[in-house]
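This report describes a single chain, starting from one residue and moving outward to the elements around it. The sequence and structure come first.

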Amino acid sequence: MAENIDGAANGAAQPQGGAQLNLQRIYIKDASFEAPNAPHIFQQQGQPNIELNLSQRVNQLGDGVFEVVLGATVTCKVEDKTAYLAEVQQAGIFGLSGFDDASREAVLSTYCPNTLFPYARQVVSDLVQNGGFPPFLLQPINFEALYAEQLRRRSEGGNQPTQGLNA
């Protein structure tokens, strides 16, 4: 017996008439952790300074199929010494159909990184804690505001392609 499964019932989003979005896969594309000054850094006194850099890359894999890669690099320094460096490239494969170009770009720049971020946050947290450091959780990121800022900059400074996010 064949069943007709509606995309919305299967967890796919349908934001506009005829447009469909489905999440096909989430995976870690790359992850690394370094503690270059261990074990001496564990006895170092001082307030840690943490820097977060985010990036996003979109690759078209086929007709209506996109790989979105959310990169997160967390660097922790105590005084002038690096305590740790955690890098994660969290990726997902998304199917999109029925979107106009502007809507597709908005979905790839906001919805997709919002979907990937909790996974990247968990990987970073696990890497840091497994490295012997106190637990660290990335704070929520407003990808909609970052995308709106990119659009504003693009309209002011010419037609520059959307490549990365700065947080």
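In this predicted model, S125 is buried, because its relative accessible area of 8% falls under the 20% cut-off. S125 belongs to helix α1. Leaving aside residues up to four places away in sequence, S125 touches F136 and L137. With F136 there is also a polar approach: the side chain of S125 reaches the backbone oxygen of F136 at 3.5 Å.

**The sheet**

Four strands make up an open sheet in the order β1-β4-β3-β2, and their pairing is antiparallel. The edge positions are taken by β1 (20-34) and β2 (48-62); each has a single partner strand, so one side of each lacks a neighbour in the sheet. From one strand to the next, the twist averages 15 degrees. Helix α1, residues 101-130, packs on this sheet and touches β1, β2, β3 and β4. The direction of α1 makes about 140 degrees with that of β4.

**Strand β3 and its partners**

How many residues of β3 are buried? The count is 12 of its 14 residues, so the strand is mostly covered. Strand β3 (residues 65-78) is joined to β4 (residues 81-97) by 14 bridges, and the two run antiparallel. Between β2 and β3 there are likewise 14 bridges, again with antiparallel strands. As background, strands of a sheet pair through backbone hydrogen bonds, either parallel or antiparallel.

Individual residue pairs can be named on both sides of β3. Towards β4, L70 has Q90 as its bridge partner, and V69 is matched with A91 of β4. On the other side, A72 in β3 stands opposite L54. In a regular strand the side chains alternate between the two faces of the sheet.

**The hairpin turns**

Both connections of β3 listed below are hairpins, and for each a residue with a positive phi is given.

| Hairpin | Residues between the strands | Residue and phi |
|---|---|---|
| β2 and β3 | two residues | G64, positive, near 75 degrees |
| β3 and β4 | two residues | E79, positive, about 55 degrees |

Which residue in the turn between β3 and β4 has a positive phi? That residue is E79. In the hairpin of β2 and β3, G64 is the residue that takes a positive phi.

To return to the starting point, buried S125 lies in helix α1, and α1 packs on the sheet.

Key. Residues numbered from 1 in each chain as written. Predicted model: local features only at pLDDT ≥ 70, side-chain atom pairs only at ≥ 80, totals over all residues. Heavy atoms only, no water. Pairing = 2+ DSSP bridges. Axes fitted to C-alpha atoms, helices over the stretch in contact; angles between N-to-C directions. Contact = heavy atoms within 4.5 Å. Buried < 20%, exposed > 50% of the residue type's maximum accessible area, 1.4 Å probe, protein only. Polar contact = N/O pair within 3.5 Å; in protein donor to acceptor, adjacent residues only side chain to side chain.
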